[in-house]
Structure formats: C-alpha cells, structure tokens
Amino acid sequence: MKTIKEKILITDDTEYLVVADNLLIIETSPEINKFADSNIEVTQGEDIRLTFPELIGAEDYLNNILLGQQKSLELKGIARSEEPSPFYIDLYITNFEGLLIVLLIDSTERMVLKQKLLQQNYENIILLSKTQTALSALYESEQRFQIFMNNSPAVAFIKDYKGRYVYINAAYERKFNLKSVDLYMKTDFDFLPEETATQVSKNDYHVISTGQTLQLFETVPTPDGYLRHWLVFKFPCFGSKGERLVGGVAVEVTEQKLLEQQLFEEKELAQVTLKSIRDAVITTDAYGKVKYLNPAAENLIGWSFSFAQGKPIAKVFQVVNESTREVVQNPVEEILIHNTDVREEYSLITHSGKEISIDYSVEPIHAQNGQFVGAVIVLKDVTDERILAKQLSWQATHDDLTQLFNRTEFERCLELALNTRTEKQQHALLFLDLDRFKIVNDTCGHIAGDELLRQISILFQDSIRCSDILARLGGDEFGILLKDCPKQSALKIAETILRRVQEFRFVWQDKTFNIGVSIGLAPIKANTTITNLLNVADTACYVAKNKGRDCIHVYQDEQVKVENGMHWITQINQALENNRFSLYYQPIVSTSNNKSYINHTDTYENTHFEVLLRLIDHKGKEVLPMAFIPTAERYNLMPAIDRWVISRVFTNLAAYKKEELSHCHSKDDCGCIYAINLSGASLNDEYFVEYVRDQLILHQIPPQAICFEITETVAVANFIKATNFIRALKELGCRFALDDFASSISSWNYIKNMSIDYLKIDGSFIKHIVKDKMNMAMVEAINKISHLIGIETIAKYVENQEILDTIKLIGVDYIQGYSIAKPHPLFVG
C-alpha cells in the first residue's frame, strides 16, 4: 500500500494523519507526535480525538467532509505549550478518496509575533488612557474653578501691578454689564468716573506695595449710574511667571448701608398708615393697657388717644356676642392664657352706648427673644357688610317675589323634619298647584301674574299655623310642611285653604278672575326620602287635577295607579311602533237641512267628520281614549300620537278620497271636512306646524279639507302660544275649531282675539237644554255672540229630537251626537 504522501503533494514541513470514516488513525507522518496534545504518542488504530481533543464536538463537521457536504475544516493557533518556549499549531482537515486527511503545520512564529503586536498595542492604549485621564482631571479642575467663580454671587477680579484687569468672573460681568474680553488689560479709568477710579487705584497700590490683605468699603457706580456700596477684600498674589498681582472679592452691601434710612422711613410710613387707614388699630402693653390709638379707633370707640392711653383695654371698649349677648373677656388676656389669636364677629358698645357690628382680631407682639410684650387689636366696622350678608343669606333661602321659602330651603326643612321625627310625631305635606293661573298671565301680563302670586301667598300664610312652613316650589306650585299634624287635621287645613281660594277674587284693572287650586295631601311616613315624599305629594296633586281641579286628594297608595300608568306607557309605545291604533269618524251635520237626523245612517254630503282615536290592546280589544290619554299627557306621549293620527288620516285620504278632494280648492267648495283633535303638548312643539305642512305636501291633501281642534282649556292656559299656533295653521289654509267652550267673560276675551272657524259648545249645556232654561239662555248667548264675530257653532251631545228641535230653533249651525250617528271605522277598505 502506497502512503498518502505518494499520492498527494504534501510539503516537507507539514505533518499529516490519515483517518478512516470511523475516526480511527490509519497512517501518520514520522514527526507527528510533537503535534499531539500532552506529549501523548500517536498510535495507528486509535481514535484521533484521544490525541487531538480539539476535534471533540466537531463530529458533524467531519462527517459532512466525508460525505462531501463540506469542503474542509480549519483550526488555527492551537496552543500546545507556552513555557519555557511557546508552541502553536494550525490544523487543516479535508477529504481524499473517502478518507480524512489531517494536515498539521507549526504556527509558533506567527502566533508569537501576533502576541507581541497585541502587547504593544495594549501598552499604547494604557499610555493614551493615562494621558487622557490627566487631561480630563486638569479640565475638570479648571471647570470646577470656573463653575465656582462664575456662580459665586460675589464679584471677583485680578489685576496686574499696573492696575490692568487680567480676570473677572461672571458676577462682575453682570453687575457692571461688561464682558471679560472687553475689559482685559484695561484699567478702572477706562469705565469708572475719574474720582472713583483714583481711589480704587490707590487701594490696589497699597495692597501690592505692602503685600497685605485689605478690607474696606468702596462706593462704585454701576452702568445705570446708581451708586452702590461694596465690602471689598483685596489681597496680593503672584502669576505663573512670578509677576505681582492683586486679587479681590467684593460683596454688595448697598441694602445694608441703606437699612437704617429705610427702617426710619418705614417707621414714619407705618405711623402715617395707621393714622390714615379706616380700620381701628389699638396697641397695648403686656398688661393690656392702651399704648396707641389711631384716629379711626378714636372715632369708633368714642375715646381720644390722650384720654385712653395707659388705661386697661376693658375700660376703653366693650365687645358682646351678637347672639348670646355675653360680654367677651379681655382679648389680651385671651392671648396670654391660650397663646392663640382671637378672631370673631361681635358687636362693639361704644363710649356713648351705641352698638356697632364689628370684626375684630388680636395679634400678639413678641420681642426678639420671644417674650410677649403686647398686642395689636384691629377693629373693623362691618355693619353694612353684616346687613348685606344677612340679605344674601335670606335671598339664598327665599323666593324674591313672594318672600316665602324657596324650594331649596323647603327641602332642607323637610329633611330636618324627617331626621328629627319621633314615633309619636305625625307630619303632613301639602302640594298646591294653582288652577287657571295662566289665564291671568296671558290676559293681563306677567306683572298681573306676579301680583296674583303675592296675594295668594298671603292668603296661604293666613290659612296655616305659625309652626307650619310655606314655600313657593316654582311657577304656580307651592308646598306646605304641616308639623305635628295628623292626617285629619291636615285635611281640615287643606279644606280651609281650598275654601278661601274659591272665595278669593283677583281684580286687575277692569277684570275679575276666579282662581282655583288643586291640593295633594301626603302624610309623612318613616323610612322615606325627600324625593319620594315630593313625588308622592305631586302625584296626589296630579290626581286632584284629573278629578276636575279645584279639589283635594289625599294620597293613600297610588302605587296601583303608577303601575297602571307604566302599563299604558308600554301599550302606547307599542301601538305607535306597530300601528296598533284605529281611527273612527262621527259626522257633524248642518242644521240647515230639513231632514230628520235622528238615527240617520246614510252618507252625509257637505258634512264634517270628527276623527276619533282608539287603541288596540295586546288582546285585540279596542280601548277608548279616556283610558290611556291621561297617561299619554302626563308622560309627554301626546305629540307622537297627534303626529300618528295626522299621518294616518292624510295617507287614507290620499288613498280613498283622492277624487273627492281634487275639487276642493277653497273653503266654500270642499265637500267634506275632517276635524282632527290636537293635544296641548303639540302647541309647544316648535316643529309641529312644519310637520303638518310637509304631510299636506307629501299626500297632496287640500288644507281646506282639514280642521284642527283644541279645547278651550288648552287654548286659555297657553293663550299666546295657542294664538300663534292657530295663526300658523290658518296660514297653511287649514280650519280651526275650539272645543268644549263654556261661556264666561274671560272666555270671550280670548275668542275675539283668536282666528277660529268653529266653536263647539260644551256638551254639559246641550244635554239639559230642554229642561234647564239657564242652559238654553247660555247656548243662545254663545250662538249669538259667535255669529256676531263670524264664527259658526257646533252643538255636541244631541241625543234626541227634542234637543235637536231646540238647537235648530236657537240657530246653531251644526249638530253632533250619538243619536245623530255613532262613530264608525274610518276608511275601511
């Protein structure tokens, strides 16, 4: 077998190994042993990793070389020994004919040279580091000096023996507004007055010539021309070349120099100030004897300074507590006993016996050692401020118009009554809401309304006990807290108030008004809150209004009513969402026709139709308006209902009456008129008229075919809004009717100012018109006055032929009633 060296070219200075794929040595060069680790002899047949441990862990690389996946593996600078002489090798492995060829080369010379170069670089780095450290230390020292000198508040400078500046610090630059570079090698004569520069130069020469430190005061002006005083320390020193220098540090003492003058001026100013200030100032000694009174104090207490000086403070003036009337002890003694300031509000009794509201304060005077040497008493006349404060406090708790408690103070009184209530005590709460108050406001103006509220407040106050608390809660609503008052007694008080209001007549100029009141009475029970209590009383008052107004309702347990109301809220909302309302109509027939109208079921020509509303409940039954409308009104659902009715009526008119409505171009040629009832809430809807306009345009409905109705009560309660509302709808071309009209002077006052087309006479007059002559007279008057001002009349509740004949005899224009025609579904198709 030829050796590897015969097959491949290997230089003579290279040793080698031949290794099989199992890493066993199969051939070596003669001098291979000196390259092995720890002088272990290299033996054929052994694992190469025993003598070359550097290959442990490199098995994957070796296998990759054998498989041809990697060309070679090279390890350089492997140390075999360092002392006494270093020895390093390079190891190179490659593949030849399926065997690993390991070549080893002596790299000692290269490695030794490399280490020498590294050592030299290291030493150079150390030397450079030391140099940089020294320079840094020098720089830091210079920086510390500059920081110290430039942040020092004292002025510092160095001059040479000729008085030329060689250094100034930042404080010097700031004080004299000079830059160091501008002053360098210049003297004081270059920027100071000659006289000042001469004196400074003499002082510098003295230091240099004597070699002694000099402490002195110098007066040197700054660039602003203001003379400043300096405490200067000048000392001899030497420069780096041995030249003589004078250094100096100066501290400005201008303030100290002027201190005595300032103290004197301040003392004079204090005396003048004490004499001129409006507050009374009194000073005493440690024993409470008067040392000084300023003129304001003389005027306030009625004593002159000469008379009061040296007298005990208790004999000079007297202070009493305004509420308890107790005399306040000597305020200076208070200081001595309690070692605290006295600051209270009291009344002062002057020498003449006059009482003045004052604020007074006492401050101790201490010497430098802390010893108490006297006191300063300051008295201030606050009579006007105290009166104003009481007025503001009163205004915060009272209503300006009626002078009664306001809602905030009333709630505080309720809370106090609830918190202090015992088991044996019974309180009650009255909630009062005036009826027909808006009639006065709208007819005569807010001035009249305010006067009515004032008179009613006096009436209420005269009707209750002294221990009861009356308050105006807002608008025309009042509350009364009846303390220690059982329910029956509270009811008697409420009845007294109701009776007196019914008897009351409010007269304004040439008009007289009857005012009613709805009263809710709620006994105050334990474990309740102010909010719940007020809600309960409000609910009782609301029930009283629903019962016909001008009455009293005692709250027992309204929970069922409240739950019933919530039930209707749900039903109404669902009906609006799912169209679960139905519409009916009832004819309004002209009396000019000679037909018999009783139980007439034919189609009426040239007839009005009043649109009526029903709600379909969850069981499919129709519910009349009287069941759900009160809840809808209370919870502000009526505007949505009104809009639903308008939208549905207009939609159905466009679908079923399009041909008939096409001939309606004016009020005179409209065959049918559809009357739609509106709630009072729609009057307050600023977008309602715009909604009606949009619906008329959308469905192409002639406005002459539509008549809107509101009740007289709604119109009178919101007269101004109602007038504007009616005018706006009339401008669109619609008609208007006033429902449930009851004759009175005030009612006609409104009607003549409203542009209405029809007046529907209250049914209570029509029902008994045959038997009650007064009712007949009332209907006749209403009909006559209506015709006089151009309004057509409609009689409701025409139930029989006798009523019909009487109505026709009077001359009423239209009739309506169950006996004429009952309501029928509208637009069934």
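Where is Asn579 placed? Select Asn579 and look: the residue lies in the loop between helix H19 (559-578) and strand E24 (581-590). Keep in mind as you click around that this is a predicted model.

**Stop 1: two positive phi values**

With Asn579 still selected, check the backbone. Its phi is near 55°, a positive value in a residue other than glycine. Asn579 has 40% relative accessibility, so it counts as partly exposed.

Now jump to Gln700, in the loop between helix H24 (688-699) and strand E28 (706-711). Here too phi is positive, at about 55°, although Gln700 is not a glycine. With a relative accessible area of 62%, Gln700 is exposed.

**Stop 2: Ser679 and its partners**

Go to the loop between strand E27 (672-677) and helix H23 (680-683), and pick out Ser679. Is Ser679 buried or exposed? Buried, because its relative accessibility is 7%. Show side chains and draw a distance to Asp642: the two side chains are joined by a polar contact of 2.8 Å. If you skip neighbours within four places in sequence, the contacts of Ser679 are Met638, Pro639 and Asp642.

**Stop 3: aromatic rings**

Next, colour the aromatics. There are 20 aromatic pairs in the structure. Zoom in on Phe176 and Phe191: their ring centres are 6.2 Å apart and their planes meet at 80°, so this pair is edge-to-face. The pair links distant parts of the chain, with Phe176 in helix H5 (residues 170-176) and Phe191 in the loop between helix H6 (180-183) and helix H7 (194-210), 15 residues apart. Phe176 counts as buried at 6% relative accessibility, while Phe191 is partly exposed at 26%.

For another geometry, select Phe506 and Trp508, a stacked pair with 6.3 Å centre to centre and 15° between the planes. Phe506 has 0% relative accessibility and counts as buried.

Back at Phe176, widen the selection. Ring pairs tie Phe157, Tyr165, Tyr172, Phe176, Phe191 and Trp230 into a cluster.

**Stop 4: charges over rings**

Try Arg643 next, which lies over the face of Tyr691 at 4.7 Å from the ring centre. Then hop to Lys767, whose charged end sits over the ring of Tyr797, 4.8 Å from the centre of that ring.

**Stop 5: helix H26**

Select residues 719-732, which make up helix H26. At 1.5 Å a residue, these 14 residues should span 20 Å, and the end C-alpha atoms are indeed 20 Å apart. Which residues of H26 are buried? They are Phe719, Ala722, Thr723, Phe725, Ile726, Leu729, Lys730 and Leu732. Step just past the helix and you reach Gly733, with a positive phi of about 110°.

**Stop 6: helix H29**

Finish with helix H29, residues 773-788. Its 16 residues reach 22 Å from first C-alpha to last, close to the 22 Å expected at 1.5 Å a residue. Highlight Asn775, Val779, Ile782, Asn783 and Ser786, which are buried. Looking down the axis, you'll find that they cover an arc of only 95°, which puts them on the same side of H29. Spin to the face turned away from that buried side for the exposed residues Lys773, Met774, Lys784 and Leu788.

Two details mark the ends of H29. At the start, a side-chain oxygen of Asp772 comes within 2.9 Å of the backbone nitrogen of Met774. Just after the helix, Gly790 has a positive phi of about 85°.

Key:
Residues numbered from 1 in each chain as written. Predicted model: local features only at pLDDT ≥ 70, side-chain atom pairs only at ≥ 80, totals over all residues. Heavy atoms only, no water. Helix = DSSP H or I, 4+ residues; strand = E, 2+ residues; numbered from the N terminus. Expected span 1.5 Å × (residues − 1). Buried < 20%, exposed > 50% of the residue type's maximum accessible area, 1.4 Å probe, protein only. Polar contact = N/O pair within 3.5 Å; in protein donor to acceptor, adjacent residues only side chain to side chain. Contact = heavy atoms within 4.5 Å. Phe/Tyr/Trp six-rings, centres within 6.5 Å; stacked < 30°, edge-to-face > 60°. Lys NZ or Arg CZ within 6 Å of the ring centre and 35° of its normal. Arc of directions from axis to C-beta.
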